[in-house]
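Let us read this structure together, one feature at a time. Questions come from the learner, replies from the teacher.

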Amino acid sequence: MGTRRPRVIAALAAVSLAAACSPGGDGGDGDTTGYPEQNITIVVPFSAGGPTDTVTRMIADPMAEALGGKIVVQNVEGAGGTVAAGQVAQAEPDGYTVLMHHIGMSTAPALYKDLGYQPLEDFATVGLVTEVPMTVVARPDFPPATLADLTTYVKANQDKVTLANAGRGAASHLCGLLFQSAAGVKLQEVPYQGTGPALTDLVGGQVDFMCDQTTNTSGQITAGKIKAYAVTTPERVKSLPDVPTTTEAGMPQLQVSVWHGLYVPAGTPPEIVQKLSGALQKALADQAVVDQMAELGTAPVTAADATPETHRGHLEEQIETWGKVIADAGVQAS
Ligand code: MLT
């Protein structure tokens, strides 16, 4: 990943770019018509093998094919996804460093006092990718049998029960907060670098329960390796027909699904952003991608949602929504 020049210089460059921009070129130091001329890196802010990584790897090859180039996926873990986002915010705005992030992009400003980047100022949105339901899941031998039992059990065992997540600002963290608030408990949280390793520990019985995306948990639920209490969406998930919704299971307050989107550093030439967005739309229409997502309980967004404009509007709305929820919950990460 290239290191970005200082913010002020980058901002000035963006201004001169906008002034000089002509169709098919960036008006600055390079013609974008040949893009991509080198490998593109998509940075994943969580561990390999986890849900964000899975979705990224699904679309990387079809996107590369649409662009006529090569895409490399790089995992940069830490601090609920904020380490990776901070690095990409500072990367060269040349279209060769792209960030895949999820709902955590919209929660970080409220959670982290010293975030070091501003989602709306330091990034250009490329397009939404998918929206993934979450599941409330537990180690196979965890005593509670249903979500109602789980609530009763955690109330009685608050000092013992462990709740895994992928760090402050991760989707698993948010969902865990909503669960604790609905159940009226404060549990011991065990943070991981991603829910990939957290799930391994859940299957192995090292932690008790967690919320995680169906893209990570579906296979283990179907194989009977973990216990599933509920899905966090209004409707049941087709690939998990026996798992009730949180509303059916008596906890309607626990509603959250995890939207994902692609970002590039602010100042990336608009023609490149459009090329990436077009490639994303093609990848999401690829039948193999549609099928893989369906198997894991999700679906690609429409072509209209895989655009910079829709993605930006959604990000703005989500920053506002989660800002209020987090302020009400009084949670801070730093
Ligand atoms: C991951 O990829 O590990 C997850 O998306 C983490 C999370 O947000 O819970």
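**Reading the ligand site and the links**

Q: Which side-chain atoms lie by an oxygen atom of the ligand?

A: Look for polar contacts, pairs of N or O atoms within 3.5 Å. A polar side-chain atom of Ser172 is 2.6 Å from a ligand oxygen atom. For His102 the distance is also 2.6 Å, and for Thr52 it is 2.7 Å. This is a predicted model: local features need pLDDT of at least 70, side-chain atom pairs count only at pLDDT 80 or more, and totals for chains, interfaces and linings use all residues. Residues are numbered from 1 along each chain as its sequence is written, and side-chain values use heavy atoms, with hydrogens and water left out.

Q: How much of the ligand does the protein bury?

A: Accessible areas come from the Shrake-Rupley method with a 1.4 Å probe. Alone, the ligand exposes 260 Å². The protein buries 100% of that.

Q: Which elements give two or more residues to the shell around the ligand?

A: Helices here are DSSP runs of H or I, at least four residues; strands are E runs of at least two; both are numbered from the N terminus. Helix H2 (51-67) and helix H7 (171-183) are the elements that do so. The shell counts residues with a heavy atom within 4 Å of the ligand. Among them are Phe46, Gly50, Ala166, Gly194 and Gln213.

Q: How does the shell divide by class?

A: Asp, Glu, Lys and Arg count as charged; Ala, Val, Leu, Ile, Met, Phe, Trp, Tyr, Cys and Pro as nonpolar; the others, Gly among them, as polar. The shell has five nonpolar, seven polar and no charged residues.

Q: Which residues does the disulfide join?

A: A disulfide is a pair of cysteine sulfur atoms within 2.5 Å. The structure has one. Cys175 is joined to Cys211, S to S 2.3 Å. The link is left-handed, with -60° about the S-S bond. Cys175 lies in helix H7 and Cys211 in strand S7 (residues 209-213), so the pair ties together parts 36 residues apart in sequence.

Q: Where is the cis peptide bond?

A: Most peptide bonds are trans. The bond from Tyr35 to Pro36 is cis, with omega near 0°. Pro36 sits in the loop between helix H1 (7-20) and strand S1 (40-44).

Conventions. A polar contact is a pair of N or O atoms within 3.5 Å; within protein, one must be able to donate a hydrogen and the other to accept it, and residues adjacent in sequence count only if both atoms are side-chain atoms.
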